[in-house]
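Morning, everyone. I have one structure to walk through today. Please have the sequence and the viewer open.

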There are 2 protein chains.
Amino acid sequence: MTPKKTIERISLYRRIVGNLLLSGKKQAFSHEIAKLAGVKSSQIRHDFMFIGTNGRANAGYDLQELRGHIEGFLFGGDADNFCIVGVGNLGRAILAFFRARHKNIVIKAVFDKDPALKDRIIQGCRCYSIDDASEIIKKENINIGIIAVPVEQAKLVAQILVDGGIKSIVNFAPVPLNVRQGLFIENVDLTMYLEKAAFFSRNLSKLSEV
Amino acid sequence: MTPKKTIERISLYRRIVGNLLLSGKKQAFSHEIAKLAGVKSSQIRHDFMFIGTNGRANAGYDLQELRGHIEGFLFGGDADNFCIVGVGNLGRAILAFFRARHKNIVIKAVFDKDPALKDRIIQGCRCYSIDDASEIIKKENINIGIIAVPVEQAKLVAQILVDGGIKSIVNFAPVPLNVRQGLFIENVDLTMYLEKAAFFSRNLSKLSEV
DNA sequence: AGTAGATTGTTAAAAAATTAACGCTGTCAA
DNA sequence: TTGACAGCGTTAATTTTTTAACAATCTACT
């Protein structure tokens, strides 16, 4: 019913399968994929059941077919249109990373409040004033917003995106945005990841295992 | 026994409590903190039991004291020393974000393989050749490494860090690093977060609630 | 063709995480 | 002082997630 974790793993499987295909492999067993993903083989089979793919006993999964199933499950018919708000270091990093690299993730626009950036083309992507967000979101059919602004502005930006019709947000600002019904928000908290890593560097014994 | 999720929340509570203090608040109830953190109040009380803090019935938690408890739990005596490998967009973004901002997260060095960057000071932080990683890690007493290099180099870099004595890694390269015994690795997969957001923008009804 | 061995799909069990329940304590007002 | 209420701490229940178990199936080899 709430397969968030499953979705995360499926996204990971997609890349693993892609890499295996690139390396020339045609098929793989659940335990091979499991090794690469860092999970148990039973988890793989369980997840694959969820997305409705099937392998063959003693022959594993056909990777081409598997990729098709995963992408069919994960992606819709058309590519998903994203926008990024905030063209600081992080916004540029994300833009550089995804621009023209992922066939289902298309960054259609970036927004900033700095007038100097207005209409500039950054990494091949046009920068608009945040004031025009609502208009551009509709025009470009953008469904997902990435928030990469300073923490003070995050809530306001989220509101602007939602008002513009955004359904789903990935928030990099270090403040958890309150989720509202009918909206997906993923808070990616870099400080938290660093503090967690620091904690476990001092408390490795508190880790269960792997 | 494996309180990874709890650690994540505690890191979040730390910031929430800090913000409340900044806003002039002296104490808070579990349900107030819960609201801000996006969890249930019973979760708050449960987690606070874990870190060994205590409030008073009908008066909630003393925020100053709570912050002390949280930081005592989360941080060690000294600040934790980090390094970043890869001075591309993402590495710079992380450096800019943390440099001199967080009293317990100190970025002591950045590494890159580009000779042009060697010994340059970036955001107040010196850039070293990756070849000197082992030496610098020991000299600066660095325990945590942040990997922000292209995917092809991630595994090699991880090996270098581990060989140098790093205990804990935050990996931003889109390949899951295999965890070895006695090592903490956090894979932060940006592609996964974007794909997940895209998936739920098309399948909002599949979200449980919240 | 038959048998041995390996892997799948699925169900059941186990483990982990979250949420609820509730006795107890402290506060406030009459 | 007493009663009513509100909130904490803790334990128990629930829910979710992961792992194991195993019959069915396929491959390969003789």
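I will take the overall picture, then the DNA surfaces, then the helices, then a few single residues.

One caution at the start. This is a predicted model. Keep that in mind throughout.

Start with chain A. It has 8 helices and 9 strands. The C-alpha trace spans about 60 × 45 × 35 Å along its principal axes. The chain has 210 residues, and 43% of them are buried.

Now the DNA. Take strand C first. Which residues come nearest to DNA strand C? There are 30 residues around that strand, and the nearest are Ser30(A), Asn54(A), Ala57(A), Ser42(B) and Ala57(B). So both letters, A and B, appear in that list. Three elements give two or more residues to this surface: helix H3 (41-51) of chain A, plus helix H1 (4-22) and helix H3 (41-51) of chain B. H3(A) has the largest share, with 6 residues. By class, the surface near strand C holds 10 nonpolar, 14 polar and 6 charged residues.

Next, DNA strand D. Here 29 residues lie around the strand. Ser42(A), Ala57(A), Asn58(A), Ser30(B) and Asn54(B) come nearest. The elements giving two or more residues are H1 and H3 of chain A, together with H3 of chain B. Which element gives the most to the surface near strand D? That is H3(B), with 6 residues. The class count near strand D is 9 nonpolar, 14 polar and 6 charged.

Stay with Asn58(A) for a moment. We just met Asn58(A) among the residues nearest to strand D. Asn58(A) sits in the loop between H3 and strand S2 (61-62) of chain A. Is Asn58(A) buried or exposed? Asn58(A) has 6 other C-beta atoms within 10 Å, so this residue is exposed. The backbone deserves a look too. Most residues other than glycine have a negative phi. Asn58(A) is not a glycine, yet its phi is positive, at about 70°.

There is another positive phi to show you, in chain B. Gln123(B) is not a glycine either, and its phi is about 50°. Find Gln123(B) in the loop between strand S5 (121-122) and strand S6 (125-129) of chain B. Gln123(B) counts as partly exposed, because 18 other C-beta atoms lie within 10 Å.

On to helix packing. In chain A, look at helix H1 (residues 4-22) and helix H4 (residues 63-74). They pack at an angle of about 150°, with axes 10 Å apart. How do H1(A) and H4(A) run, parallel or antiparallel? The cut-off for roughly antiparallel is over 145 degrees. H1(A) and H4(A) are therefore roughly antiparallel to each other. H1(A) passes H4(A) in a left-handed crossing.

Now the pair in chain B. H1(B) and helix H4 (residues 63-74) of chain B pack at about 150°, and their axes are 10 Å apart. That makes H1(B) and H4(B) roughly antiparallel. Their crossing is left-handed.

One residue on H4(B) is worth clicking: Phe73(B). Phe73(B) has 16 C-beta neighbours inside 10 Å, so this residue counts as partly exposed. Now find Ile51(B). Phe73(B) and Ile51(B) are 22 residues apart along the chain, and their C-alpha atoms are separated by 6.3 Å.

Contrast that with a pair that sits far apart in sequence and in space. Lys139(B) is in helix H6 (residues 133-139) of chain B. Lys139(B) and Gln43(B) are 96 residues apart in sequence, and 41 Å apart from C-alpha to C-alpha. Lys139(B) counts as exposed, because there are 11 C-beta neighbours inside 10 Å.

Last stop, helix H8. Take chain A, residues 190-202. Does the length fit or disagree with what a helix should span? At 1.5 Å a residue, the 13 residues should span 18 Å, and the end C-alpha atoms are 19 Å apart, so the two agree. Many residues of H8(A) are on the buried list: Met192(A), Leu194(A), Glu195(A), Lys196(A), Ala197(A), Ala198(A), Phe199(A), Phe200(A) and Ser201(A). Note that Glu195(A) and Lys196(A) are in that list.

Chain B has its own H8, also at residues 190-202. H8(B) has 13 residues and reaches 19 Å from first C-alpha to last, close to the expected 18 Å. The buried residues of H8(B) include Met192(B), Leu194(B), Glu195(B), Lys196(B), Phe199(B) and Phe200(B).

That is the tour. Questions, please.

Terms used. Residues numbered from 1 in each chain as written. Chains lettered and ligands numbered in written order. Predicted model: local features only at pLDDT ≥ 70, side-chain atom pairs only at ≥ 80, totals over all residues. Near = placed C-beta within 6 Å. Helix = DSSP H or I, 4+ residues; strand = E, 2+ residues; numbered from the N terminus. Nonpolar A, V, L, I, M, F, W, Y, C, P; charged D, E, K, R; others polar. Expected span 1.5 Å × (residues − 1). Buried ≥ 20, exposed ≤ 12 C-beta atoms within 10 Å, placed from the backbone. Axes fitted to C-alpha atoms, helices over the stretch in contact; angles between N-to-C directions. Parallel < 35°, antiparallel > 145°, perpendicular 65-115°, else oblique. Left-handed = near helix turned anticlockwise from the far one by under 90°.
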